[in-house]
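Work through the exercises below with the sequence and the model open side by side. Each task is followed by a solution that goes step by step.

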Amino acid sequence: MPAIPPGRAAAGGMVNMARGLETAPASGGAARGAIARADGLAEGVARLRRALRRGARVASPGNPLAVAQLELLSVVAEHPGTRPGQLARLLHMRPNTVTTIVNALTARGMITRASADEDGRAIELTATDAGQQAVHAWQATNAAVLHLALSTLSEPQQRALAAAVPAIDALAQAIDRLADTSPADYGPR
């Protein structure tokens, strides 16, 4: 894996995310403070995601798969037998986009299609061994990039991030639950 310069890749996004969490006003305006924290968190997470993508691309330049392909392949690997319509809903993609990605991954030997037992017209998708290996390699690359970036942070920053992991996981689960509700439920509270 090529060296990633210290202070680059995920580190910048994580530091910015931490800064965004501190944007609440000191007095009054609790609602504004909550919105500012949410905006800062959203911006920090977006920066972190972009930084991780970029860092992983630098670390693994020979990876032929696009991030969207890897994300879809990861879901198929986690949920063998999933159907294209389920993938579209889960990933919030258009069905034709899922079909295009599935076709490309099938052509590469990363996904197999099979008729569903209960409905011969329905297709179930499963990651092949090559698909599973691609997912594991991508995850290992991301973990290596993140580990290297984390090692450039101070001990207090590392502890703060470690302490935040359960809250970040809970937030991800809450967002997943929201994604399964009506968009009208997203309005201001």
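**Exercise 1. Locate histidine 92 and describe its backbone and its exposure.**

Histidine 92 lies in the loop between α4 and α5, where helices (H or I, at least four residues) and strands (E, at least two) are DSSP runs numbered from the N terminus. This is a predicted model, in which local features need pLDDT of at least 70 and side-chain atom pairs count only at pLDDT 80 or more, while totals for chains, interfaces and linings use all residues. Residues are numbered from 1 along each chain as its sequence is written, and side-chain values use heavy atoms, with hydrogens and water left out.

The next step is the backbone: histidine 92 has a positive phi of about 50 degrees although it is not a glycine. Most residues other than glycine have a negative phi. The last step is exposure, for which buried means under 20% relative accessible area, exposed over 50%, and partly exposed in between, with a 1.4 Å probe and protein chains only. Histidine 92 counts as exposed because its relative accessibility is 57%.

**Exercise 2. Summarise the chain: which elements does it contain, and in what order do they run?**

Begin with the elements, which are seven helices and two strands. Read from the N terminus on, they follow the order α-α-α-α-α-β-β-α-α. Of the 189 residues in the chain, 29% are buried. The accessible surface, from the Shrake-Rupley method with a 1.4 Å probe and with only the protein chains shown counting as cover for residues, comes to about 11700 Å², and 58% of this surface belongs to carbon and sulfur atoms. Finally, take the contacts (heavy atoms within 4.5 Å): among those between residues at least 6 apart in sequence, 60% join residues at least 24 apart.

**Exercise 3. Determine which face of α5 is buried and what it packs against.**

First check the length of the helix, given that the expected span is 1.5 Å times one less than the number of residues. The 13 residues of α5 should span 18 Å, and the end C-alpha atoms are 18 Å apart, which agrees. Then list the buried residues of α5, namely Val98, Ile101, Val102 and Leu105. Viewed down the axis of α5, they fall within an arc of 100 degrees, so they line one face of the helix; the arc is that of the directions from the helix axis to the C-beta atoms. On the other side of α5, the exposed residues are Asn96, Thr100 and Ala107.

The buried residues of α5 pack against α3, α4, β1 (111-115) and β2. After α5 comes glycine 109, whose phi is positive, near 75 degrees.

**Exercise 4. Which elements supply the largest nonpolar core, and why is α3 described as largely enclosed?**

A nonpolar core is a set of buried Ala, Val, Leu, Ile, Met, Phe, Trp, Tyr and Cys residues joined through side-chain atoms within 4.5 Å. The largest one has 23 residues, and those with the most contacts inside it are Leu72, Leu73, Leu87 and Leu105. At least two residues of this core come from each of α3 (67-78), α4 (84-91), α5 (95-107), β2 (123-127) and α6 (129-150), and α3 gives the largest share, seven residues.

Turning to α3 itself, nine of its twelve residues are buried, so this helix is largely enclosed by the rest of the structure. Among these buried residues are Gln69, Leu72, Leu73 and Ser74. Leucine 105, leaving out residues up to four places away in sequence, touches Leu65, Gln69, Leu72, Leu73, Met110 and Ile111.

**Exercise 5. Compare the surroundings of glycine 131 and asparagine 142, each placed in α6.**

Glycine 131 counts as buried because its relative accessibility is 0%. Not counting residues up to four places away in sequence, glycine 131 touches Leu73 and Met110. Asparagine 142 also counts as buried, at 18% relative accessibility, and, with neighbours within four places left aside, asparagine 142 is in contact with Leu52 and Ala56.

**Exercise 6. Where does α7 kink?**

Helix α7 (residues 155-179) has 25 residues and reaches 35 Å from its first C-alpha to its last, close to the 36 Å expected. Its kink of about 40 degrees lies at valine 165, shortly before proline 166; the bend at a residue is the angle between axes fitted to the seven residues ending there and the seven starting there.
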